[in-house]
Amino acid sequence: MTPQEPAEPPPRAEPPPRGEPPPPSAPPGAWHGGPVTARARCVLAPNPGPMTLDGTNTWVLREPGADAVVVIDPGPLDEAHLRRVLAEVEASGARVAQTLLTHGHPDHADGAARFGELTGAPTRALGRGHDDLSDGDEVRVGGLELRVVATPGHTADSLSFALPADHALLTGDTVLGRGTTVVAHPDGELAAYLSSLERIRQLTGDGEVATILPGHGPVVPDAAAMVAFYQLHRRERLEQVRSALAAGAAGVEAVVESVYADVPREVWPAARLSVAAQLDYLRLSAPGA
Ligand SMILES: [Zn+2]
């Protein structure tokens with residue numbers, strides 16, 4: 001009689017495939033904004049597209065019961081959207097005290113001047129004529145407290161805003177609710193972007209930030225998992241770019257064709273920028289550079 005075969009080991013949960021993002025909190029088309037945390041509400045701008053996902057998230061932040069709010073990213077110059085944001089604020093018995101910009105890209109900032117006319121509130125951002133926000137600044141409106149966290153990389157002027165009372169971080173385009181972001185070379189820079197991701201990772205690690213309120217796409221309920229994925233994704237892309245170069249790819253176009261074959265061609269213009277940023281990064285970080 002042969003000894004009994006050892007029992008089959010119990011099935012183990014498969015680890016997620018390498019580089020797989022955490023599932024988004026809402027699939028494409030199912031994110032419509034609305035109240036997200038005790039203090040944050042999203043009004044979704046009607047500008048969906050390959051680069052803007054469901055549209056730009058305009059965030060309205062209000063301490064419960066306060067009569068003044070902060071608006072982050074009024075979005076594109078779309079009169080109906082701006083008026084809808086204002087109407088929602090006024091319907092809650094409040095007024096807009098300050099408008100903040102996560103960065104100067106048109107889908108976030110083009111509506112800012114007109115929104116300022118409608119509200120009378122100042123627009124604050126890093127650089128570009130309103131150089132009055134910088135890393136570590138505190139913004140206080142009606143009992144609401146925000147802290148400015150400089151997160152350059154997507155663009156040089158990218159800011160995030162920590163909302164400690166809700167353990168939330170408003171990230172603009174630095175971290176999105178679905179997919180990954182572009183490093184918009186030459187204004188955007190990969191070394192800076194990697195440092196910004198590491199900074200956000202530290203904020204998630206010490207418990208200050210649990211939730212990400214992104215500039216596009218649905219709210220990210222597990223900030224740490226999403227940032228870990230972003231960091232892994234960037235490392236993987238760099239490996240792929242190195243391999244493509246080693247295999248003889250020369251120039252941005254050849255690298256995009258080799259490395260970004262898995263992304264739709266409609267976002268290749270963005271991929272070209274990210275590849276240029278990666279080539280720059282590899283050149284600058286090469287020994288002897
Ligand atoms: Zn942007």
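Let's start with a word you'll need: a residue is buried under 20% relative accessible area, exposed over 50% and partly exposed in between, using a 1.4 Å probe and protein chains only. By that yardstick E138 is partly exposed, at 44%. The model here is predicted, so local features need pLDDT of at least 70 and side-chain atom pairs count only at pLDDT 80 or more, while totals for chains, interfaces and linings use all residues. Residues are numbered from 1 along each chain as its sequence is written, and side-chain values use heavy atoms, with hydrogens and water left out.

**The five-stranded sheet**

- Helices (H or I, at least four residues) and strands (E, at least two) are DSSP runs, numbered from the N terminus.
- Two strands pair if DSSP finds at least two bridges between them.
- In general, strands of a sheet pair through backbone hydrogen bonds, either parallel or antiparallel.
- Look for an open sheet of 5 strands in the order β7-β8-β9-β10-β11, with mixed pairing.
- Its edge strands are β7 (138-141) and β11 (211-214), each of which pairs on one side only.
- From one strand to the next, the twist averages 25 degrees.
- β9 (residues 159-163) pairs with β10 in the antiparallel sense over 3 bridges, and L163 stands opposite A168 in β10.

**A closer look at β7**

- β7 and β8 run antiparallel, joined by 4 bridges, with V139 standing opposite L146 in β8.
- The two strands form a hairpin with 2 residues between them, and G142 in the turn has a positive phi of about 55 degrees.
- Which side chains of β7 are buried? V139 and V141 point to one face and are buried, while E138 and R140 point to the other face and are not.

**Salt bridges**

- Side chains of opposite charge can pair when their charged atoms come close.
- A salt bridge here means a side-chain nitrogen of Lys or Arg within 4 Å of a carboxyl oxygen of Asp or Glu, and the structure holds 17 of them.
- One of them joins R178 to D54, with the closest N and O atoms 3.1 Å apart.
- That pair links distant parts of the chain, 124 residues apart: R178 sits in the loop between β10 (168-172) and α4 (190-205), and D54 in the loop between β2 (40-44) and β3 (57-61).
- Buried or exposed? R178 counts as buried at 12% relative accessibility, and D54 counts as buried at 11%.
- Back on β7, the side chains of R140 and E138 meet in a salt bridge of 2.8 Å, N to O; R140 is exposed, with a relative accessible area of 54%.
- R283 and D280 form another salt bridge, their closest N and O atoms being 2.7 Å apart.
- Why are R283 and D280 separated by about one helical turn? Because they are 3 residues apart in helix α7 (residues 268-285).
- Salt bridges that share partners also join E79, R83, R114 and E117 into one network.

**How α4 packs**

- Axes are lines fitted to C-alpha atoms, for helices over the stretch in contact, and angles run from 0 to 180 degrees between N-to-C directions.
- α4 and α7 pack at an angle of about 95 degrees, with their axes 8 Å apart.
- The two helices are therefore roughly perpendicular to each other, a label used for 65 to 115 degrees (under 35 is roughly parallel, over 145 roughly antiparallel and the rest oblique).
- Contact means heavy atoms within 4.5 Å, and here L190, A191 and L194 in α4 meet A277, Q278 and Y281 in α7.
- By class, that contact has 5 nonpolar, 1 polar and no charged residues.
- For those classes, Ala, Val, Leu, Ile, Met, Phe, Trp, Tyr, Cys and Pro count as nonpolar, Asp, Glu, Lys and Arg as charged, and the others, Gly among them, as polar.
- α4 also lies across β8 (144-150) and β10, running at about 145 degrees to β8.

**Two loop residues to find**

- T181 is in the loop between β10 and α4 and is buried, with a relative accessible area of 7%.
- Leaving out residues up to four places away in sequence, T181 touches several residues, including H154, D173, Y193 and S274.
- P221 is in the loop between β11 and α5 (223-246) and is exposed, at 56%.
- Not counting residues up to four places away in sequence, P221 touches S25, A210 and T211.
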